[in-house]
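Visitor: Please pick one part of this model and give me a close look at it. I'd like the surroundings too, as one connected story.

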Amino acid sequence: MQRYHAAMPTPRLLQRFFPFLSWPRPRAIDLQGELFAGLTIGLMVIPQGVAYAALAGMPLITGIYASLLPALIAVLWGSSSRLSVGPTALTCLLVASSLTGMAAPGSAEWINLAMWLAMLSGLLQIALGWMRFGWLVNVVSSPVLMAFTQAAAILILLSQVPDLLGYPSLRVLWASPQSMNIVGALFGITTLALLIVAKRFVPRVPAVVVIVVLASVASSLLDYEGRGGHVVGALQSGLPALMLPSALPWETLSSLIVPVLVITLVSFLETAASAKIDNQNAGKSWNENQDLIGQGMAKVASAVCGSFPPSSSFSRSALNLYAGARTGWATIFSVVVVLLVLLFGMPLLRPVPQSVLAAVVIAATYGLLKPVGFRTLWRLTRVEACIAFATFAVTLVSAPRLYWGVIVGLTLSLLHFLYYRLHPRIVEVGLHADGSLRDRWLWQLPELAPELLAVRMDAALEFSSAGALERYLANQLAQRPNTRHVALFAQSINRIDATGIECLIKLLGSLAAQDRQLHIVGMKRPVEQMLERAHGVIGHPALHLYRTDALALAALRVGGAQ
């Protein structure tokens, strides 16, 4: 029996501008699961938001701001309504690394720059979504993303070690290791151990909430702040003041272009990782363009709230599903929870030790470290493994300018892709014992027929591959002057462009001048239609077309090549 009533029919145009109008209308009893999931995520995102804001170098309260209005906007205007949008470790690290050297962390100038990152990244995502450029998510290969994520995870973990052990900074840790705050270190290490155990044995329970509350109580009882311990401190209660980022000189604004591009790309890849699973579980296809728009609007909303770019959290989204969320109502309830804490619960966070926040970040990040991925990749493909290693190394070496790792990985991947497009696989084929046509030299097969050169090109016949086909045929015909027939088995050629047509016209002219014939087998209809529109191809006296391999083999072996 369906648990949700069907939504009233809504005009398609109206649904496009307001996707939430197509949500199913739940009954009161159905909201129980949504309420529990929303309560779980709402309580979980608060300590994580505060911790991630520290990672981004922002005032801690902005982490909660990024979990409020942006999360609501994303669920109302996105396609994947069960994603948890808010601060994430990777995006926050990119914010901090992008702004390092441009302003002091936590300063008004730093906040303004972070708002610009959110604003520009959001507007770019909205534009890409409207132009249906969601396919750009496929530009970054899996090895590049894996390598960048693991390098970023190492940098995140290293950045949190001083706070975890009760040191004010990494420099103090190295220069004066004896100045460690023992109580702070105990708070941090104990919190980290409890979070790891909880993640292992009770992954569906938001243990971070319970542990942070216990740490807050213990800190108050021990008067940790009064004894000089570093704590969250007083956080401003109430709703964020809506504002626009202050104007920047063009020189400063232009320096944000590359970080904005990288944050946009990495943030959307984070969204894709969660959205694909969410939509697969829901049994529907992923509308990546609508999620681009929703996530972009969320970033703009975050900028207006004086915060940094949010993104989709894979761990919180997974917990949202585990907790029973089936629609976007769970996110709406989580926003209500964040709102109530923001209005009335800020004093509870004041005594929480900074080492506890560091433990929260580390517990959420260490799972990204999967070195076995490099070993597996090396076993599968050495070239892509080298690209991944280069991405990993550049990301670490270029810190804090982490975006260079993505740029280098993306460039190497595109060069690798372009190399294979320019060097397609072209083989001479022979008849295998099983009746199929295979690589003649790999399988040691005889010629299909005397005076016949039979080839197959496993690529589209376009500007990138046409030259390779011309060179291959020219070399083969020069080595085999007695060849009278050239057969091109074209089943794997699914596209042809103007350069490919020009290549065929030149080939036909050259073969006809040498009293040779060209036989094309199994041409796909879209390719044939392109040739029909070209003058001088279809109907050429030196060209013979066959629909199937069997027809071609019969003609070539019986009389065509005699």
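**A cysteine and its neighbourhood**

Guide: C305 counts as buried because its relative accessibility is just 3%; buried means under 20% relative accessible area, exposed over 50% and partly exposed in between, with a 1.4 Å probe and protein chains only. Bear in mind that this is a predicted model, where local features need pLDDT of at least 70 and side-chain atom pairs count only at pLDDT 80 or more, while totals for chains, interfaces and linings use all residues. Residues are numbered from 1 along each chain as its sequence is written, and side-chain values use heavy atoms, leaving out hydrogens and water.

Now, is that thiol paired or free? With a disulfide taken as two cysteine sulfur atoms within 2.5 Å, the count comes to 0. C305 is in no disulfide, and its nearest cysteine sulfur, on C92, sits 15 Å away. C503 is buried as well, at 2% relative accessibility.

C92 turns up again around F308. Leaving aside residues up to four places away in sequence, F308 touches C92, V95, P87 and S302, among others, contact meaning heavy atoms within 4.5 Å. The list also includes A53, M58, A114 and A118.

F308 belongs to the largest nonpolar core, which has 92 residues. Such a core is a set of buried Ala, Val, Leu, Ile, Met, Phe, Trp, Tyr and Cys residues joined through side-chain atoms within 4.5 Å. F308 is among the members with the most contacts inside this core, along with I64, V95, L99, M346 and L349. Apart from it lies another core, of 32 residues, V455 and Y472 among them. In soluble globular proteins, nonpolar side chains tend to be buried together.

Stepping back, 52% of the chain's 562 residues count as buried. There are 25 helices and 10 strands, taken as DSSP runs numbered from the N terminus (helices H or I, at least four residues; strands E, at least two). Helix α4, residues 69-77, is mostly covered, with 7 of its 9 residues buried, including I73 and W77. Contacts reach far along the chain too: of those between residues at least 6 apart in sequence, 80% join residues at least 24 apart.

For contrast, look at helix α15, residues 329-344, where L343 lies. L343 counts as partly exposed because its relative accessibility is 33%.
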